[in-house]
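User: Hi! I have a protein model open and I'm new to this. Could you walk me through it?

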Amino acid sequence: AWQLDELLGLLGPTWRRAGGGRFGDGGDEDELAAVLYDAKRVELVGTGDFWLSEQPEVRGSKGWGASLPRVATWARFFQPSSGPSVGPAEPTAAAQAAEAAQPTGTTASGRGGRWGREFVVLNAHVDHASDRARVESAKLLRARAAELLSGAALAAPDQTVVFLTGDFNAVKTEGGEWGWYAALTSTTGADSSSGGEAAAGGGRHLSPSALVAPEASLAVEDAWAVAPERGCGSAACGQATYHAWRGSAEPSANWRRPFDGPKGVALALSGERHIDAVFVVFSVRAVSGARTAARPGKVTKARVITDDKRRRVFGGPFASDHYPVVATFRWDPATSRGVTKLASAESTTPRGGPPVVAPDL
């Protein structure tokens, strides 16, 4: 059986999957950017796939010099709660339209006076061979996250978030202000000549939690960068999320060099070498003429998991050539209750792992 099937079996009978294969032919015999969720805890409102290319709706399409088709999967969820929270007591016109548009067997929820919160998970695997493809894919993902945020069916856009997860196949510092990370998180985008804070050498330091330009209504935060508590792993302090199937036992250019000891820990906690990441996307609203981030919650913890139980208990092989990044997001009690945990790892079926949505009320 494929690793995805094994994972679903281990998680339990209430776990489901959203997302199809990268060739768009309805088969599961290749890579996916699937989202896994516990149907006992959250309800699937809607889901879809698109491709990281100039023609994102064309199944199996490649773009910008990418080596392979790269698919992204989004899934919109409703999480019921026991009291007033995100979303209206009665269904809005948008919610009714969303329900009518759902295929048979899919729940567009929040109806009948139930309270709860709405959120979206968007997962992607960006190309490894083309730096242009990584930058353009980041721009496309950012634009789609904005669309998903504004298209909230049950909650106001400023009361929900998009969790963008994935394998971006390059470190966050690649390309500086012109790289994929800047395209995703900067105040003005990687194709602008302004924004950010002046840095040595005439470059720009782009804050990982910076708001976008005034004409936009979107903010993107790197969960690792904003987390007040970070952990680099229990089995080893991982400087990188990619370990090339070597794990933490054997040094490599991605894992321990050029620094070990305290410098290695500092580098690990900076997150600079992570190629897998969790981002939180939320709205920016106008308050007294100024644009303010509408944060319905905050990241409280982020960590890299280096304890590969498949390797430690069974002697191998590794579950993946990446170690996952896990972020904990706590909703603002004024709009919702509870904690949502999201994990991001390499989004491949044979080797990696999809993001896992496992809310705790």
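**A tryptophan in a loop**

Analyst: Happy to! Let's start with Trp245, which is partly exposed, with a relative accessible area of 36%. Keep in mind that this is a predicted model.

User: Where is Trp245 found?

Analyst: Trp245 sits in the loop between β10 (230-231) and α6 (261-270). Its phi is positive, about 65 degrees, although Trp245 is not a glycine.

User: And what about Trp64, is that one buried or exposed?

Analyst: Trp64 is buried, with a relative accessible area of 12%. Trp64 lies in the loop between β3 (43-51) and β4 (71-81). This residue is not a glycine either, yet Trp64 has a positive phi of about 60 degrees.

User: Cool. New topic: what pLDDT does the chain average?

Analyst: The average is 76, and 67% of the residues score at least 70.

User: Which residues stay under 50?

Analyst: One such stretch is residues 84-112, where the model has 57 contacts beyond four places in sequence. The pLDDT is also below 50 over residues 188-216, a stretch with 61 contacts in the model beyond near neighbours in sequence.

User: OK, now the helices. How many residues does α3 have?

Analyst: Helix α3 has 20 residues, running over 131-150. From its first C-alpha to its last α3 reaches 29 Å, close to the 28 Å expected at 1.5 Å a residue.

User: Which residues of α3 are buried?

Analyst: Among them are Ala133, Val135, Ala138, Leu140, Leu141, Leu148 and Leu149. The buried residues also include Arg134, Arg142 and Arg144.

User: Why would nonpolar side chains be buried together?

Analyst: That is a general tendency of nonpolar side chains in soluble globular proteins. In this model, the largest nonpolar core has 30 residues, and Leu122, Leu141 and Phe279 touch the most other members.

User: Which elements supply at least two residues of this core?

Analyst: They are β5 (115-125), α3, β6 (161-167), α4 (180-185), β9 (218-222) and β11 (276-287). The largest share, eight residues, comes from α3.

User: What is Leu122 in contact with, leaving aside its neighbours within four places in sequence?

Analyst: Leu122 is in contact with Leu141, Ala145 and Leu148, among others. Its contacts also include Phe50, Trp74, Val162 and Phe163.

User: Last one: which residues does the second core include?

Analyst: Phe282, Val284, Ala302 and Val325 are included in that second, separate core, which has 28 residues.

Terms used:
Residues are numbered from 1 along each chain as its sequence is written. This is a predicted model: local features need pLDDT of at least 70, side-chain atom pairs count only at pLDDT 80 or more; totals for chains, interfaces and linings use all residues. Side-chain values use heavy atoms; hydrogens and water are left out. pLDDT is the predictor's confidence in each residue, from 0 to 100. Contact means heavy atoms within 4.5 Å. Helices (H or I, at least four residues) and strands (E, at least two) are DSSP runs, numbered from the N terminus. The expected span of a helix is 1.5 Å times one less than its number of residues. Buried means under 20% relative accessible area, exposed over 50%, partly exposed in between (1.4 Å probe, protein chains only). A nonpolar core is a set of buried Ala, Val, Leu, Ile, Met, Phe, Trp, Tyr and Cys residues joined through side-chain atoms within 4.5 Å.
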